[in-house]
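Welcome, and please take a moment to turn the model around before reading on. The paragraphs below walk through it step by step.

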Amino acid sequence: MAVLNNKKSKVSDEVPTSSMADIAFLLLIFFLVTTVFPKDKGLAIVLPEESETVEVNQKNILHIVIQPSGVVEVRRGESQQVQTVSPSDIEGIWRQDVASNPNLIAGVKTHPDTPYRFMIDVLDALQTAGADKISLQLLEG
Amino acid sequence: MAIKQGGFSRKSKTSDEIPSSSLADIAFLLLIFFMVTTVFRTDSERDIIWPQAEATEKIDEKKKNILNIWVERNGSIFMNDQPYTMEQVSEVVGPLYAQSDRRLVISVRGDREVPYMTMDQLQKELVSAGVVRVVFATELEQRMTRQRR
């Protein structure tokens, strides 16, 4: 048994630092995972100023009426002809019409009871098609 | 002062392992970096279902110049965790807009099922407060999900 006592103790007298990295990395991963990046994104639009009313030639307006069911009615300028489409079709319609009339303005009229998302769908389609002159109104009467 | 045996018998003190003692420092530095840069939101999220849009873009404005207006499904309005009525919106937003040097951007965070009536009223309130830069907050819509609908 004397041989055993002769052996030097292998226990180090220092604080073990090898696992420190693991602890730090665990914390790091925890913060990486739990960090929530805020949702600062959406569809930007500039509202008209209060006194600002601009008279627009009827010819240059693409009337878009959104009904509560999500059905979209498109009417061009002075014509009385109404075309019934779905929100995603607006993109193609705008691209087609703006090619023949660069001064085109999208007049989006939404029925008061229409869910917000249908209006967003139409706005999305218009912005995807590159429209920048958009007027948002409430459908009256 | 001659070096005995030419100094060759000494064992090299260079370890053959990758030095791992500084690993903890690196990790802690990264950790501190993330802790410092993490910005906790001033207002907590309301329970809404986001509308989706393909043309979703990041708001090009500093965070402090963005005011969130939450519109819940039942039409109730929240700003900075406080409930407000529709008529109060312009009273609250107006001074904030002046404070921000007319740089304030309103992020309208409406539930997808909110009747448009409410949204129109909100827009009118904002216009009467003088705010013209508005963002309708949306989630980015992928083409795939769109086709499935």
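Of the 149 residues that make up chain B, 26% count as buried. Keep in mind, as you look, that this is a predicted model. The secondary structure of chain B comes to four helices and eight strands. Followed from the N terminus, these elements come in the order α-β-β-β-β-β-α-β-α-β-β-α. Contacts in chain B often reach far along the sequence: among those between residues at least 6 apart, 81% join residues at least 24 apart. One pair to look up is B:Asp60 and B:Val105, which are 45 residues apart in sequence and 9.4 Å apart in space, taken from C-alpha to C-alpha. B:Asp60 sits in the loop between β2 and β3 (66-71) of chain B. This residue is exposed, because 9 other C-beta atoms lie within 10 Å, and a residue with 12 or fewer counts as exposed.

Next, let us see how the two chains meet. In chain B, 44 residues are in contact with 39 residues of chain A. On the side of chain B that touches chain A, at least two residues each come from α1 (23-37), β2 (57-58), β6, α3 (116-128) and β7 (133-137). Sorted by class, that side of chain B has 25 nonpolar, nine polar and ten charged residues.

The chains also share a sheet. Which strands make it up, and in what order? It is an open sheet of seven strands, running β2(B)-β1(A)-β7(B)-β6(B)-β3(B)-β4(B)-β5(B), and its pairing is mixed. The edges are formed by β2 and β5 of chain B, each of which pairs on one side only. Strand β1 of chain A (residues 41-46) is joined to β7(B) by five bridges, and the two run antiparallel. To find this pairing in the model, look for A:Ala44, whose bridge partner in β7(B) is B:Val135. Further along the sheet, β4(B) and β5(B) pair in the antiparallel sense over three bridges. Here B:Ile77 has B:Tyr84 of β5(B) as its bridge partner. A helix of chain A belongs to this picture too: α4 (residues 116-128) of chain A lies across β1 of chain A together with β6 and β7 of chain B, and it runs at about 75 degrees to β1(A).

Chain A has a sheet to look at as well. Five of its strands form an open sheet in the order β4-β3-β2-β5-β6, again with mixed pairing. Its edge strands are β4 (82-85) and β6 (134-138) of chain A, each pairing on one side only. On average, and with direction ignored, neighbouring strands of this sheet are turned by 25 degrees against each other. Within the sheet, β2 (residues 61-66) and β5 (residues 105-110) of chain A run parallel and are joined by six bridges. A:Ile64 is a good place to start, with A:Val108 in β5(A) as its bridge partner. Helix α4(A) packs on this sheet, where it touches β2, β3 (72-76), β5 and β6 of chain A; its direction makes about 170 degrees with that of β5(A).

Now back to chain B, for a pair of helices. How do α2(B) and α3(B) pack? They meet at an angle of about 40 degrees, with their axes 8 Å apart. The two helices are therefore oblique to each other. The crossing in which α2(B) passes α3(B) is right-handed. From α2(B), the contact is made by B:Val89, B:Ser90 and B:Val93, and from α3(B) by B:Leu122, B:Glu125, B:Leu126 and B:Ser128. By class, the residues of this contact divide into four nonpolar, two polar and one charged.

Finally, two residues in loops deserve a look for their backbone angles. Most residues other than glycine have a negative phi. B:Asn80 is not a glycine, yet has a positive phi of about 50 degrees. This asparagine lies in the loop between β4 (77-79) and β5 (82-84) of chain B. Is B:Asn80 buried, exposed or partly exposed? With 14 other C-beta atoms within 10 Å, B:Asn80 is partly exposed. B:Asp101 is not a glycine either, and has a positive phi of about 65 degrees. The place to find B:Asp101 is the loop between α2 (88-99) and β6 (105-110) of chain B. B:Asp101 counts as exposed, because it has 8 C-beta neighbours inside 10 Å.

Terms used:
Residues numbered from 1 in each chain as written. Chains lettered and ligands numbered in written order. Predicted model: local features only at pLDDT ≥ 70, side-chain atom pairs only at ≥ 80, totals over all residues. Buried ≥ 20, exposed ≤ 12 C-beta atoms within 10 Å, placed from the backbone. Contact = placed C-beta atoms within 7 Å. Nonpolar A, V, L, I, M, F, W, Y, C, P; charged D, E, K, R; others polar. Pairing = 2+ DSSP bridges. Axes fitted to C-alpha atoms, helices over the stretch in contact; angles between N-to-C directions. Parallel < 35°, antiparallel > 145°, perpendicular 65-115°, else oblique. Left-handed = near helix turned anticlockwise from the far one by under 90°.
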